[in-house]
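Subject: Structure handover

Hi,

Here is the structure I promised to pass on. Please open it beside this email as you read.

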There are 2 protein chains.
Amino acid sequence: MKRRATIKDVAERAGVSKAAVSYVLNDIRKVSAETKARVLQAASELDYQPDFTARSLTKRTSNMIGVILPLVDASIANVMQENTYYNEMISAIEKVARENGFDVLLTGLARPEEYRNWVQKRRLDGLLFLGLFPASIYAEMRSMEVPAVLIDTYEEHTGKYPSVNINDEKGGFLAAEHLLSLGHENIAFLTTGLENPVEVHRYKGFTRAFQERGMTVPSPETAETTHRLESGWMIGKKLAGSSRTAIVCTSDITAFGVIRALYEAGVRVPEDVSVTGFDDIHISRYTTPSLTTVRQHIMQKGTAAAEKLIETMKGHPAAGETFDVKLVIRESTAPPKQ
Amino acid sequence: MKRRATIKDVAERAGVSKAAVSYVLNDIRKVSAETKARVLQAASELDYQPDFTARSLTKRTSNMIGVILPLVDASIANVMQENTYYNEMISAIEKVARENGFDVLLTGLARPEEYRNWVQKRRLDGLLFLGLFPASIYAEMRSMEVPAVLIDTYEEHTGKYPSVNINDEKGGFLAAEHLLSLGHENIAFLTTGLENPVEVHRYKGFTRAFQERGMTVPSPETAETTHRLESGWMIGKKLAGSSRTAIVCTSDITAFGVIRALYEAGVRVPEDVSVTGFDDIHISRYTTPSLTTVRQHIMQKGTAAAEKLIETMKGHPAAGETFDVKLVIRESTAPPKQ
DNA sequence: AAACCTTTTGAAAACGTTGTCAATCCGGAG
DNA sequence: CTCCGGATTGACAACGTTTTCAAAAGGTTT
């Protein structure tokens, strides 16, 4: 096991000082063509690669960005386990990061106080927050100097940090309007909780569709947990006996839970009850019935967030961005039966 | 923005040397109760947290483990995008890592030569390989001293590295045997390619079920890509007009693709054709038909792999482990129609 | 009170970079 | 020939830890 070459080895071989090597390799200062060639030559002969750790120490950067998922019950599993939404997001982020020479540190941190320490200990260059976090986090962040981009939050909650999200209000509206135009009147709105502004906006859009038609707005049904199959299933079970003819869900995952519960109760989708999802994850096109849903371009969102973060880290602060959504009509919705 | 306290600050405040602080905080050497108390006091007053980067430099470790996914077409997205298999795996790993004070660096690396550099530049303490990698990687790894644990590979290919996997052969057998015992004779085996030993073992088990009954073994159907919905869909389309009465898939994801293609061709599951999956991801219980599949305990596998890695890193080399699988019979399989 | 342990402590080197500053080199102007 | 200015280079400090090595302190035993 031979020792890895250090900058000193390169310097000696090239017959120059360590500083000179650093200048050449980082293209940081004018260096004569001749020594430059010698250094490059030596570096390649020794297969020299600068050590990130040592570099971090002086430069106070790490070339790493942190991707932070909310912890529920001390595990990120509870939020990301069932939903390929996160797969797309994370792989988009990882791709952008890697292409720009950054590595991705993936984590869920338990207590708000930990964030500061973690970021500082690791000298993280930037942070990507995926989902909803307690407000104290943002205050904590503001007191540090780490660039950050938030995904799926609203800036009114986060102060100065740019947020990448979608037009949730429109999404809620599109789903409701679609069902209303099919002739449904008794429509349930299934949310995972209106503490989350994303859910709030979707419900607002849902509400607007009713208001524009002068109809009274149904109050929401609240699931007990995050976007999980079982949350949907439990509500579906409850709604199976009700007079609702349509159900708007705020994720595809909960919609699948709902559909399954209805099926088990002998209620057919879409013949007896229509169901819409939200996200348009890959599988939603392949189930039977395939899912009518509000499509958001997840990878686009992840890519944009990562790119904005990197821009910000380079000193060009980026603004937030809100992406459009559209309705994808598939098999899970139909006019109510007569 | 006040400067973060360093070990020097603590030392000065406690009236001792930096070394003494290090001794106390790392519990590395006997220190008198009195100075110990002073140091602890000072450290807590200053809210001192050691800097990982600086520590890495002397200790040559980073407190990070790398989780490596295969890159297909320069993106990890193509392998992990649609399948919550990876969600469970990654969240299990992250949990164990975090509980042991490690952070998780997530990546897909393009060329084998990059691994070495990446591991050394980052001073990674351990590596977790998720899936199949070119053999040259293992040779490359052997020449380094990084502990590593492989997931979903077979040790005969990897030399000395411990591997955490499941009894794939049994899985293949159980699926085939289940269908055979239902009375199916013309059964397709859908694989993503027999270059992957995991697939090979599953096919071996499939084969054995036929041999034990003295039946001739069908040759496998090979999908063009990794485990993707569309791979399944394309093969399903092709098989829809065939005389097969049952299809064994090597992932739930491909099974869903198959089922959808059959549905679109007017072939009913399970009435006309039975389909089995592999993995038992969460959603498989919620689709209609719900999926008969070979269950593996994914989080258990991820947890075990991470724990073994950490054990190995602590100097107690761990052996590989093979977990059991079992058949979960749901709605997607039934006897062939008369 | 000297000699000798044993325990406890601290000064300084090391880790591998980058950045600061001063020194050297070179050619040309005076 | 001296002086000057610009271009190029190198010595050394700095980053924040851990570790090595030796010294100091505190008892015991003679």
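Below are notes on one helix and on one DNA strand. Please keep in mind that this is a predicted model.

Helix α4 of chain A

This helix covers residues 52–59 of chain A. Phe52(A), Thr53(A) and Ser56(A) are buried in it. Viewed down the axis of α4(A), the buried residues fall within an arc of 100°, so they line one face of the helix. What do they pack against? The buried residues of α4(A) meet two helices of chain B: α4 (52–59) and α7 (112–122).

Now the two ends. At the start of α4(A), Asp51(A) places a side-chain oxygen within 2.7 Å of the backbone nitrogen of Thr53(A). Arg60(A) follows the helix, and its phi is positive, near 60°.

DNA strand D

How many residues surround DNA strand D? There are 33, and the closest are Arg29(A), Thr35(A), Ile7(B), Ser22(B) and Tyr23(B). By class, this surface has 14 nonpolar, ten polar and nine charged residues. Among the atoms of strand D within 4 Å of the protein, 56% belong to sugar or phosphate; the rest belong to bases.

Three polar contacts to look up:

- Tyr23(A): a side-chain N or O atom is 2.9 Å from a base oxygen of strand D.
- Asn26(B): a polar side-chain atom lies 3.0 Å from a phosphate oxygen of strand D.
- Asp51(B): a polar backbone atom is 3.2 Å from a phosphate oxygen of strand D.

The elements giving two or more residues to the surface near strand D are α2 (18–26) and α4 of chain A, plus α2 (18–26) and α4 of chain B.

Best wishes

Key. Residues numbered from 1 in each chain as written. Chains lettered and ligands numbered in written order. Predicted model: local features only at pLDDT ≥ 70, side-chain atom pairs only at ≥ 80, totals over all residues. Heavy atoms only, no water. Buried < 20%, exposed > 50% of the residue type's maximum accessible area, 1.4 Å probe, protein only. Helix = DSSP H or I, 4+ residues; strand = E, 2+ residues; numbered from the N terminus. Arc of directions from axis to C-beta. Contact = heavy atoms within 4.5 Å. Polar contact = N/O pair within 3.5 Å; in protein donor to acceptor, adjacent residues only side chain to side chain. Near = heavy atom within 4 Å. Nonpolar A, V, L, I, M, F, W, Y, C, P; charged D, E, K, R; others polar.
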